[in-house]
Amino acid sequence: MLELSFEKEVVKTLTTGSNQWVERKDLYGATPDQLWTNFRDKLNNNNYAKLQGQPLTDTEFNQVKRAIEVRTPYEAAKFLAAENGIGKVEVERDEAKLGMVTLELFWKANVAGGKSSYEVVRQAVRPQLAGTQDVDPDRRFAVTLLINGLPLI
C-alpha cells in the first residue's frame, strides 16, 4: 500500500500548483502500442504544416521509431543534445511527390512551456517479451513521464 500512496503523491505533486504536468488518466495501464499511438498523434499535430496536413503512414512512423531508437546512455545523450536545440528526424514520405520531411520532436528552448507537452501516465505495462522466460511476464511502471509523447524511462 505504501507504493501506491507514493505513486499517487508523485503524480499529485507533478500536476498541481504551477507545475505543467498533466495526468493522462485515459492512458492508465497503457501498453507500448498505446504509448506509441499517443506519441504519433502529438508528432502529427506538432508537425501539421510540415506534413502538409497528411499524417504519417505506418511505414513513415516506423522510420521515426527506428531513428529514435537508442541502445546506450551515450546514444540517448547524443539524441537529447539536439542540433540547435531542436530534436529532429528525417522521414521519406511514401508519396513520392512529398519527398523528404524533417520532423521536430522536441525543443530545448521550450522546456517548461511553448510547444512542449508534459504528461504523467500511471501503471504503464510492458508485456513479456516473446521468447523470454520471465518469472513475472508483465512489467509495470508506477509512473512514466512523457514529454511530447516520448516516454522518459
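Reader: Hi! Which residues is Leu105 in contact with, leaving aside its neighbours within four places in sequence?
Author: Hi! In this predicted model, Leu105 is in contact with Phe39, Leu43, Ile68, Phe79, Gly87, Val89 and Asn148, once those sequence neighbours are set aside.

Reader: Cool. And which residues touch the most other members of the largest nonpolar core?
Author: Leu105 is one of them, along with Phe39, Leu43, Leu56, Val64 and Leu103. That core has 14 residues.

Reader: Which elements give two or more residues to this core?
Author: There are two helices and two strands to look for: helix 2 (32-46) and helix 3 (58-68), then strand 2 (86-92) and strand 3 (100-107). The largest share comes from strand 3, which gives four residues.

Reader: What about the other core, where would I look for that?
Author: Another core lies apart from the largest one and has six residues. Leu27, Ala30, Leu35 and Val121 are among them.

Reader: Let's zoom out. How many helices and strands does the protein chain have?
Author: The protein chain has four helices and six strands. Following the sequence, you meet them in the pattern α-β-α-α-α-β-β-β-β-β.

Reader: And how much of the chain counts as buried?
Author: Of its 153 residues, 34% count as buried.

Reader: What about the surface, how much area does the chain expose?
Author: About 9700 Å², with carbon and sulfur atoms supplying 54% of that area.

Reader: Last one! Taking contacts with a separation of 6 or more, what share is between residues 24 or more positions apart?
Author: For the protein chain, that share is 58%.

Notes
Residues numbered from 1 in each chain as written. Predicted model: local features only at pLDDT ≥ 70, side-chain atom pairs only at ≥ 80, totals over all residues. Heavy atoms only, no water. Core = buried A, V, L, I, M, F, W, Y, C linked by side-chain atoms within 4.5 Å. Buried < 20%, exposed > 50% of the residue type's maximum accessible area, 1.4 Å probe, protein only. Contact = heavy atoms within 4.5 Å. Areas by Shrake-Rupley, 256 points an atom, 1.4 Å probe, with all protein chains shown as cover.
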